[in-house]
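Hello,

I am passing on a structure for you to look at. Please open it first and then read the notes under it.

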Amino acid sequence: MSADVVIVGGGPNGLMLACELSLAGVRPVVLERLPERIGEIRANGLVGQVVRLLERRGLYERLSGSKEPPQPAPVYVFGALPLDLSMLEDNPLYLLGVPQPRIEAVLEERALELGVEIRRGHEITGLSQRDDAVTVEVMGPAGAYRMDAGYLVGADGGGSLTRKLAGIGFPGVTRDGTVSRTVHATVPESMVDPATGGLNVPGHGHIPPFLHHRTERGLFVYAPFPGRTPLVATTEWPSDPPGDERPLSLDEMRASVRRVLDADVPLGEPAGDGPFLRRTLVGGNTRIADRYRERRVLLVGDAAHVHSAIGGPGLNLGLQDAVNLGWKLAAEIRGWAPLGLLDSYETERRPASERVVMHTQSQSALIAPGAEVTALRVLFTEFLADRRNVQHIADMMAGADLRYEMGAGDDAHPLIGRWAPDLLLDTGTGPVRLAGLTGEARPLLVDLTEQESLAGEVSGWRDRVDVVTARLQDPVTTRPDGSAASVTGLLLRPDCYIAWASASPRPGSDDREGLRTALSRWFGAPLAA
Ligand SMILES: Cc1cc2nc3c(=O)[nH]c(=O)nc-3n(C[C@H](O)[C@H](O)[C@H](O)COP(=O)(O)OP(=O)(O)OC[C@H]3O[C@@H](n4cnc5c(N)ncnc54)[C@H](O)[C@@H]3O)c2cc1C
């Protein structure tokens, strides 16, 4: 048995990678050790650029059930401090409140539609590499077998066996001091504030919904997701944390809430069908793999990085890893990848994980107990009255502050290296949003010149690069200064990052040369004339 790519792990990031590879013409095999999805509730939703990315792959409507495009959130939190996002002209923080089992179900459905083979109940137990292949040892329902693959991608989560077998280290820190408890539970109707949906807790005061609420003794969250039993969570810093993660009783949860709020919230058993969450997490890891690639083995998602779940950045990071890697690995397998393309996966995505580690650790520091932390929070609150600081944090949490190196020089167009903004285009048949043109995950030249004069430059890459000629309906805003940039042409990679852009109404020979250089740099040599 053999495959071009074997993906170990059918979690969200492995499934997303499988979809991206399939769109790029490579059929991977996914090996997943669980015989069926167990519906474990981890992520309660998606935060940041990934929400718009899923729309660009046609998956937002399936996940949200809405035909309307995603909208940015008016408020969010950073380290349990409210972020007033309504003050931003260009708010990048999009939220999609869909639980992880639903995200996985939609990604699995899409992968199967695209022809991906998902083998459930197949666990990898060993691997070895040669120059031209990886051999993976698998324990399946019918016994052990071996399989050859051109490449093996470990999407097998934080404890990744793939990473260990490939000899890739996982340096970082383990913090044992925190205990986080999460349950599905009811609260008395009389405590629910009809105006905010939050809680009015006698003896404590108002607690807004969904936002982390810090006291000097810990953190409390009340999350009444529509149509679902509310989630109630606490985080504490006990002097003697339990050594193991024992089953959590509702009484234990009530006691934890009492310690954090210094007031009682009479939590009740959830009604209706489960599964209902009762989880204790002791401590936490913050780690990044010391390399994302070892010859023919690559890592994606939690296999490559783990961090606190505060602010919900995990899938924004992991799913965008998968989208960055998919087209590059497919190009390698299909034989048109330029030198170094596959290694640019780590060059581009490691800084993304380093930023997530930085901001989750910063947030963990801001929610810790103690008078010094309370003082730091007062200072931070003053900073957050300034729109520029809110923009900075929102961009960081959205993953929208990344600018990839595209080799275009310091005076390059401000959009080069950035994720493409939501362009509204007129292609002659009415208005079209960019999100409607990127579902196939192919490289795309958007020619906005009056004379449609750029399209011809792509002729040598026509087998790999699509062209759209259009007129821009709205000016394009480019961060960080919020100014509008003139744009007459854009070259998008499949991950929607901009490899080249022009501002000249009549692009000259330098512009054209720049476009051809970008085409070769990212999409390989042109076809022979
Ligand atoms: C409490 C909690 C709350 C979270 N909240 C959020 C949130 O709100 N928003 C957010 O974006 N993220 C959140 N996250 C993070 C998010 O859940 C993870 O980032 C995400 O699950 C990682 O996906 P993955 O596909 O990389 O790995 P996983 O989801 O861990 O999937 C790995 C898969 O690999 C399989 N596997 C493992 N070993 C093998 C093997 N040897 N052979 C075959 N298969 C194997 C496993 O069975 C599993 O299905 C949260 C995490 C936690 C723990």
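The notes below cover the ligand and its surroundings, then two pairs of helices.

Please keep in mind that this is a predicted model.

The ligand

There are 28 residues around the ligand, and those that come nearest are Asn-13, Glu-32, Gln-100, Asp-302 and Leu-315. Three of these residues have polar atoms at short listed distances from oxygen atoms of the ligand, as follows.

- Glu-32: an N or O atom of the side chain is 2.6 Å from an oxygen atom of the ligand.
- Leu-315: here a polar atom of the backbone is 2.7 Å from a ligand oxygen atom.
- Asp-302: a polar atom of the side chain lies 2.8 Å from an oxygen atom of the ligand.

How much of the ligand does the protein bury? On its own the ligand exposes 1000 Å², and the protein buries 87% of that area.

Which elements give two or more residues to the shell around the ligand? They are two helices, helix 1 (12-23) and helix 7 (314-334), together with strand 2 (29-32), strand 8 (123-129) and strand 17 (278-288). By residue type, the shell has 11 polar, 10 nonpolar and 7 charged residues.

The helix pairs

Helix 7 also packs with helix 2 (residues 49-56); their axes are 9 Å apart and the angle is about 40 degrees. Angles from 35 to 65 degrees are neither roughly parallel nor roughly perpendicular, so helix 2 and helix 7 are oblique to each other. Their crossing is left-handed.

The other pair is helix 8 (residues 344-367) and helix 10 (residues 387-398), whose axes come within 9 Å and cross at roughly 120 degrees. Helix 8 and helix 10 are therefore oblique to each other, and the crossing of helix 8 and helix 10 is left-handed.

Regards

Technical notes. Residues are numbered from 1 along each chain as its sequence is written. This is a predicted model: local features need pLDDT of at least 70, side-chain atom pairs count only at pLDDT 80 or more; totals for chains, interfaces and linings use all residues. Side-chain values use heavy atoms; hydrogens and water are left out. A residue is near a molecule or strand if one of its heavy atoms lies within 4 Å of it. A polar contact is a pair of N or O atoms within 3.5 Å; within protein, one must be able to donate a hydrogen and the other to accept it, and residues adjacent in sequence count only if both atoms are side-chain atoms. Accessible areas come from the Shrake-Rupley method with a 1.4 Å probe; for residues, only the protein chains shown count as cover. Helices (H or I, at least four residues) and strands (E, at least two) are DSSP runs, numbered from the N terminus. Ala, Val, Leu, Ile, Met, Phe, Trp, Tyr, Cys and Pro count as nonpolar, Asp, Glu, Lys and Arg as charged, and the others, Gly among them, as polar. Axes are lines fitted to C-alpha atoms, for helices over the stretch in contact, and angles run from 0 to 180 degrees between N-to-C directions. Angles under 35 degrees count as roughly parallel, over 145 as roughly antiparallel, 65 to 115 as roughly perpendicular and the rest as oblique. A crossing is left-handed if the near helix is turned anticlockwise from the far one by less than a right angle, and right-handed if clockwise.
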